[in-house]
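Open the model in your viewer and keep the sequence panel beside it. The stops below go one selection at a time.

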Amino acid sequence: MSATVQTPGGGTPRDAGGGTRPAARSRSDRRTRLIRLAALLALGLVVVSLVRVVTGAQEISSSGTLGTALGLAAPIALAGLGGLWSERAGVTNIGLEGMMIAGSFGAGWWGYQHGPWLGVLMGIAFGAIGGLIHAVATVTFGVDHIISGVAINILGLGATQYLAARLLTGTEGGGSTQSPQVDELPTLSVPWVGDRLLDLERHHWFLVSDLAAVLRAVTTGVSILTVLAVVLIVASGLVLWRTAFGLRLRSCGEDPWAAESLGVKVYRYKYSAVVISGACAGFGGAFLAVVAASQYREGQTGGRGFIGLAAMIFGNWRPGGLAGGSLLFGYTDGLRLRQGEESIHALLLVLGIGLLALGVWMLVQRRLPQGAASIVVAGLVLLWFALTDTVPGDFTGMTPYVATLLVLALASQRLRPPAADGVVYRKGQGR
């Protein structure tokens with residue numbers, strides 16, 4: 001056993017062998033990551049501001065676009081958060097889309113009758129039921145996780161179509177493919193801030209106006225469900241990485257047999273995680289029904305469960321990372337909705353600069369093939385920008401999906417999933 005030694009001047013505690021204590025190293029690593037993230041965000045804002053000034057595409061950093069992006073990112077982040085809970089416990093969950101569909105139907109069906117808040121609760125409950133079915137199949141009966149997830153997606157779509165035909169046909173304003181209108185939930189704004197920030201934004205000053213747009217987007221007209229989604233992401237990070245419950249749950253995803261040998265009730269933790277996973281996905285579906293459309297509509301999830309899964313993987317199975325991935329998708333989709341071809345054309349310049357910087361960084365890190373490939377792609381993107389004035393309409397529609405695939409491809413070298421993710425666990429049997 002090594003004794004703890006306090007370094008002179010109150011420095012970092014070290015053990016008797018001269019090594020930095022793990023807790024101190026962990027705090028230092030977190031501080032370093034936060035500094036790097038802040039620097040990356042600041043650099044990104046500078047690049048976007050520069051591109052806005054050069055191209056005149058004001059919508060790429062307007063508060064309207066950023067506010068739209070925030071609303072579009074919330075359901076994706078909730079689906080990704082559902083995947084995070086499940087996969088941290090070792091259960092692969094590609095059934096998030098089906099659970100979101102169930103949540104959107106539950107919120108629309110219950111919401112128009114009993115109000116939006118009860119609709120949101122019913123959407124969460126419907127998603128949790130989907131998670132419970134997935135848990136029974138994978139944890140209790142040992143069904144392959146991918147097969148069970150596909151079945152959940154098919155079941156979620158088919159069941160909601162059947163229920164909509166039975167329960168919504170003949171309702172006023174509703175039908176077999178949609179529910180009547182659901183009352184709107186309140187939005188939150190910081191008093192006396194929005195108008196002042198809008199004045200700054202409309203001057204179109206370099207960086208100052210962009211920063212004002214960012215602040216206005218997060219302080220004006222934000223849905224209360226968006227705020228709850230942010231709180232849920234932060235709370236999930238604290239629970240999973242700061243509590244004994246979270247440690248035990250994550251141990252089930254790394255090595256369930258080792259966790260079992262230490263007395264952890266692995267089945268119980270897996271069930272808890274997958275049901276919470278379904279509830280989060282159901283919350284995402286409820287968001288779409290109550291906030292985005294104010295009613296249930298067939299097909300309104302639009303593959304966001306799968307995009308949420310991609311955002312989770314991009315985020316390296318971490319809450320902060322999946323939030324960033326969700327914002328990326330929401331931003332590109334928001335640009336498409338706000339101004340279409342002109343904004344997406346300006347985004348090509350942002351993408352080219354970003355890929356060029358990434359390629360140089362990879363070359364410095366001696367990752368020569370990846371760096372060279374990134375620089376070549378950057379050159380092609382910049383050439384495309386220089387030789388055209390707009391982008392085809394079809395490409396505008398697929399931009400969010402292309403951006404997701406590109407980011408996943410570039411991030412693949414640093415991804416590390418839980419070691420036992422997708423592994424069928426049987427108590428007492430070992431590996």
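**Stop 1: a buried charged pair**

Begin by selecting arginine 52, which counts as buried at 3% relative accessibility. Keep in mind that this is a predicted model. Now add aspartate 210, also buried, with a relative accessible area of 1%. The two form a salt bridge, and their closest N and O atoms are 2.8 Å apart. Colour helix α1 (residues 22-55) and helix α7 (residues 208-219): arginine 52 lies in α1 and aspartate 210 in α7, so the pair ties together parts that are 158 residues apart in sequence. The count of salt bridges in the model comes to three.

**Stop 2: a charged network**

Which residues do salt bridges with shared partners join into one network? Select Arg88, Glu254 and Arg416 to see it.

Centre the view on glutamate 254, which is partly exposed, with a relative accessible area of 23%. Its side chain meets that of arginine 88 in a salt bridge at 3.8 Å, N to O. Glutamate 254 sits in helix α9 and arginine 88 in helix α2, with their positions 166 residues apart in the chain. Arginine 88 is buried, at 7% relative accessibility.

Turn next to arginine 416. The side chain of this arginine forms a salt bridge with glutamate 254 at 3.1 Å, N to O. Arginine 416 belongs to the segment after α16 (393-411), and this pair too links distant parts of the chain, 162 residues apart. With a relative accessible area of 47%, arginine 416 is partly exposed.

**Stop 3: the largest nonpolar core**

Hide the charged side chains and select Leu81, Leu84, Trp85, Leu240, Leu249, Val264 and Val266. Of the 30 residues in the largest nonpolar core, these touch the most other members. Helices that each supply at least two residues of this core include α2 (63-88), α3 (96-114), α8 (224-242) and α9 (244-254), as well as α10 (256-261), α11 (266-292) and α12 (304-314). The largest share, six residues, comes from α11.

Zoom in on leucine 240. Setting aside neighbours within four places in sequence, which residues is leucine 240 in contact with? They are Leu84, Trp85, Gly246, Leu247, Leu249 and Arg250. Apart from this core lies another, of 20 residues; to find it, select Val48, Tyr331, Leu355 and Ala378, which are among its members.

**Stop 4: helix α11**

Select α11 on its own. This helix has 27 residues and reaches 38 Å from its first C-alpha to its last, close to the 39 Å expected at 1.5 Å a residue. Is α11 mostly covered or mostly uncovered? Show the surrounding chain again: 19 of the 27 residues are buried, and the helix is mostly covered. Step past the end of α11 to serine 294, where phi is positive, near 60°.

**Stop 5: cysteines**

Finish with two cysteines. Cysteine 252 is buried, at 0% relative accessibility. Cysteine 280 is buried as well, with a relative accessible area of 6%. How many disulfides does the model have? The count comes to zero.

Note on methods. Residues numbered from 1 in each chain as written. Predicted model: local features only at pLDDT ≥ 70, side-chain atom pairs only at ≥ 80, totals over all residues. Heavy atoms only, no water. Core = buried A, V, L, I, M, F, W, Y, C linked by side-chain atoms within 4.5 Å. Buried < 20%, exposed > 50% of the residue type's maximum accessible area, 1.4 Å probe, protein only. Helix = DSSP H or I, 4+ residues; strand = E, 2+ residues; numbered from the N terminus. Contact = heavy atoms within 4.5 Å. Salt bridge = Lys/Arg side-chain N within 4 Å of Asp/Glu carboxyl O. Expected span 1.5 Å × (residues − 1). Disulfide = S-S within 2.5 Å.
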